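Here is a quick tour of one protein model, starting with the whole chain and then stopping at a few residues worth a look. Keep the viewer open as you read.

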Amino acid sequence: MSTRIRCEVRDESAVTVVRLAGALDLGTTRAVHEVLDRCLAAQPDALVVDLEEVHVVEPLALSVFAAASRRADDWPAVPLVLSAPPQAAAAWLNETTACRVVPVRRDCAEAAALAGTAASPRLRARLEPVAGACRRARELVTDACGRWNVPELVGPASLVLSELVGNVVRHAGTPMHVTLTLRRPYLRVAVMDGSPADARAAAGRDLAAEGGRGLMLVRELTQRWGSMPVGAGKVVWAMLPAN
């Protein structure tokens, strides 16, 4: 991280709070983006960014929060709220499109309360890379769809999550964290493992390919899917329509 901006991340109950301090300009936005991206990849219920000790040098740098909010809204469906911006920064936020995307509150408590009320229902579980992991994944889908009254998603979501979990069992061989999130119009499923190897679907429809056929099924059954590095491993996620 740039020495001109500092970051402190606190997991406070269901809401993760990122406290920034120092100069925010186009040179430090990359560091801020990386921190927010890591926090979002952990899939908290909500994310608050505290700007009380930030000195905004270039107003354009505030766009980093709008970009993070749009990415969070797509996946992993985490509400992002800004808190306590200095007076000049608050004025700049009001003059840009950022406030249309990212809500702003006067202090961290108000921001956390708003973020918490906007949080989507989630179901989380830790699975071991064993033969029964796929069965347990299907049970989690059935449980989640029952809680959230979306029984029509049990079949497709079970197939998708089974493929993602099976991919970890076959190739990564590490413990994994499974998360299901309902934020209409999508049900999102995600599997985080300890392997940095990228998850790729087989090119085209090459049934002779050594791997990637399960991810071809994921691609066909979902609106969108993707993979991104997280720490020493990665997270693979997918979105299924939940109208």
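The accessible surface of the protein adds up to about 11,600 Å², and carbon and sulfur atoms account for 52% of that. Those areas come from the Shrake-Rupley method with a 1.4 Å probe, and for residues only the protein chains shown count as cover. Before going further: this is a predicted model, where local features need pLDDT of at least 70, side-chain atom pairs count only at pLDDT 80 or more, and totals for chains, interfaces and linings use all residues. Residues are numbered from 1 along each chain as its sequence is written, and side-chain values use heavy atoms, with hydrogens and water left out.

**Overall build**

You'll find eight helices and 10 strands here. Both are DSSP runs numbered from the N terminus (helices are H or I, at least four residues; strands are E, at least two). Along the principal axes, the C-alpha atoms fill a box of roughly 60 × 35 × 30 Å. The radius of gyration is 19 Å, which agrees with the value near 18 Å that a compact globule of 243 residues would have. That radius is taken over C-alpha atoms, and the globule rule is 2.2 Å times the number of residues to the power 0.38.

Of the 243 residues, 49% count as buried. Buried means under 20% relative accessible area, exposed means over 50%, and partly exposed is in between (1.4 Å probe, protein chains only). Now for contacts, meaning heavy atoms within 4.5 Å: among those between residues at least 6 apart in sequence, 66% join residues at least 24 apart.

What about charge? The mean positions of the 28 positive and 26 negative charges are 4 Å apart. Lys and Arg count as positive and Asp and Glu as negative, while His and the chain ends are not counted. Each charge is placed at NZ of Lys, CZ of Arg, CG of Asp or CD of Glu.

**Around R184**

R184 is in the loop between β7 (176–183) and β8 (186–193). Is R184 buried or partly exposed? Its relative accessibility is 47%, so R184 counts as partly exposed. Setting aside residues up to four places away in sequence, R184 touches W148, V150, A242 and N243. With A242 there is a specific link: the R184 side chain reaches the backbone oxygen of A242 at 2.9 Å. R184 and S120 are 64 residues apart in sequence, yet their C-alpha atoms are 9.1 Å apart in space.

R184 also takes part in a cis peptide bond, the one leading to P185. P185 lies in the loop between β7 and β8. Another cis bond joins W75 and P76, and P76 is in the loop between α2 and β4 (80–83).

| Cis peptide bond | Omega |
|---|---|
| W75 to P76 | about 15° |
| R184 to P185 | near 15° |

**S69 and two positive phi angles**

S69 is part of helix α2 (residues 63–74). With a relative accessible area of 9%, S69 is buried. Beyond its neighbours within four places in sequence, S69 is in contact with L80, V101 and V102.

Q43 isn't a glycine, but it has a positive phi of about 55°. Q43 is in the loop between α1 (29–41) and β3 (46–56), and is buried at 3% relative accessible area. N149, also not a glycine, has a positive phi of about 60°. N149 is in the loop between α6 (133–147) and α7 (154–172), and its 62% relative accessibility makes N149 exposed.

Definitions and conventions: A polar contact is a pair of N or O atoms within 3.5 Å; within protein, one must be able to donate a hydrogen and the other to accept it, and residues adjacent in sequence count only if both atoms are side-chain atoms.
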